[in-house]
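Work through the exercises below with the sequence and the structure at hand. Each task is followed by a solution in steps.

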Amino acid sequence: EEKMLREALNGPEPALLQRQELGYLLLKKGDLEGALHELRQVVQEYHSDKQWGPAIQVMLDYLRKDPKRIEAHDLLAQSYEKGGLTDRAVEEYVTLIDLLISEEHSMTEAMELFNRLKDLDPQNPIIEKLRDRFGQYLNPISQAAPGGLESSQGSFSRSTSTTSSGGLERTGRTEVVQSYLTE
């Protein structure tokens, strides 16, 4: 069955349903990488056709088998967001931030998602809860310098130096600088 589906996909006009069927078959076999590869393309095609419900369902089905896959959570959150389900998108982005932090992935990615979340629904009470829960990771300035901006500026001047042209020179503290710019 897998061989027939792959051959059909190599034809002149690969069908969305065949790709989806192949993704589900690979998922059933336990080939999570292969399944995600196929299902990602299915979701992207659903997005281009503005079919949010099927895109959401495909990612929910995938996440039942691989609940910690960051890319799948991201695709699900995007599907909710594009489909106008803001509350569900916020919840999914919170899950994604939680995974990024708990799995020790990039703090920069977590911060970018948090900022995106604030832009998506600034009045959502989950944002404050998230700030309280992950504040030390998502907002290192307020944690490092509880004395306010003056303390922050002192640590900023120690973490950067000026060049002869008056600009800032990178000293490996990109996340700190980025968080100051965010503040």
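**Exercise 1. A loop residue**

Task: State where Asn 124 is found, decide whether Asn 124 is buried or exposed, and list the polar partners of its side chain.

Solution. Step 1: Asn 124 sits in the loop between H7 and helix H8 (125–138). The model is predicted, and the values that follow are computed from it.

Step 2: The relative accessible area of Asn 124 is 9%. Buried means under 20%, so Asn 124 is buried.

Step 3: One polar contact joins the side chain of Asn 124 to the side chain of Asp 121, at 3.0 Å. In addition, a polar atom of the Asn 124 side chain lies 2.9 Å from the backbone nitrogen of Ile 126.

Step 4: Set aside the neighbours within four places in sequence; Asn 124 is then in contact with Asp 87 and Val 90.

**Exercise 2. The overall layout**

Task: How many helices and strands does the protein have, and in what pattern do they follow along the sequence?

Solution. Step 1: The secondary structure comes to eleven helices and two strands.

Step 2: Read along the sequence, the pattern is α-α-α-α-α-α-α-α-α-α-β-β-α.

Step 3: The protein has 183 residues, and 37% of them count as buried.

Step 4: Take the contacts between residues at least 6 apart in sequence; 45% of these join residues at least 24 apart.

**Exercise 3. Salt bridges**

Task: How many salt bridges does a search of the whole structure find? Describe the pairs of Arg 19 with Glu 38, Asp 66 with Arg 69, and Arg 116 with Glu 81.

Solution. Step 1: The search of the whole structure gives six salt bridges.

Step 2: Arg 19 and Glu 38 form a salt bridge through their side chains, with an N to O distance of 2.6 Å. Arg 19 belongs to helix H2 (residues 16–29) and Glu 38 to helix H3 (residues 32–48), so this pair ties together parts that are 19 residues apart in sequence. Arg 19 counts as buried at 15% relative accessibility, and Glu 38 counts as buried at 6%.

Step 3: The side chains of Asp 66 and Arg 69 meet at 3.0 Å, N to O, in another salt bridge. Here Asp 66 is buried at 12% relative accessibility, and Arg 69 is buried at 18%. Both residues also take part in a network of salt bridges together with Glu 33.

Step 4: Between Arg 116 and Glu 81, the closest N and O atoms of the salt bridge are 3.1 Å apart. This pair links distant parts of the chain, since Arg 116 is in helix H7 (residues 107–120) and Glu 81 is in helix H5 (residues 70–82), 35 residues apart. Arg 116 has a relative accessible area of 33% and is partly exposed. Glu 81, at 26% relative accessibility, is also partly exposed.

**Exercise 4. Two packed helices**

Task: Describe how H5 and helix H6 (residues 86–102) pack. Are they roughly parallel or roughly antiparallel?

Solution. Step 1: The angle between H5 and H6 is about 160 degrees, and their axes are 8 Å apart.

Step 2: Angles over 145 degrees count as roughly antiparallel. H5 and H6 are therefore roughly antiparallel to each other.

Step 3: The crossing in which H5 passes H6 is left-handed.

Step 4: On the H5 side, the residues that make the contact include Ile 70, His 73, Leu 76 and Tyr 80. On the H6 side, they include Arg 88, Tyr 93, Leu 96 and Leu 100. Glu 81 of H5 is also among the contact residues, and this residue is the salt-bridge partner of Arg 116.

**Exercise 5. Two more buried residues**

Task: Place His 47 and Ile 97 in their helices, and give the surroundings of His 47.

Solution. Step 1: His 47 is part of helix H3. Its relative accessibility is 10%, so His 47 counts as buried.

Step 2: Not counting residues up to four places away in sequence, His 47 touches Trp 52, Ala 55, Leu 75, Gln 78, Ser 79 and Lys 82.

Step 3: Ile 97 is found in helix H6. With a relative accessible area of 0%, Ile 97 is buried.

Step 4: Ile 97 and His 73 are 24 residues apart in sequence, and their C-alpha atoms are 9.9 Å apart in space.

Definitions and conventions
Residues are numbered from 1 along each chain as its sequence is written. This is a predicted model: local features need pLDDT of at least 70, side-chain atom pairs count only at pLDDT 80 or more; totals for chains, interfaces and linings use all residues. Side-chain values use heavy atoms; hydrogens and water are left out. A salt bridge is a side-chain nitrogen of Lys or Arg within 4 Å of a carboxyl oxygen of Asp or Glu. Helices (H or I, at least four residues) and strands (E, at least two) are DSSP runs, numbered from the N terminus. Buried means under 20% relative accessible area, exposed over 50%, partly exposed in between (1.4 Å probe, protein chains only). A polar contact is a pair of N or O atoms within 3.5 Å; within protein, one must be able to donate a hydrogen and the other to accept it, and residues adjacent in sequence count only if both atoms are side-chain atoms. Contact means heavy atoms within 4.5 Å. Axes are lines fitted to C-alpha atoms, for helices over the stretch in contact, and angles run from 0 to 180 degrees between N-to-C directions. Angles under 35 degrees count as roughly parallel, over 145 as roughly antiparallel, 65 to 115 as roughly perpendicular and the rest as oblique. A crossing is left-handed if the near helix is turned anticlockwise from the far one by less than a right angle, and right-handed if clockwise.
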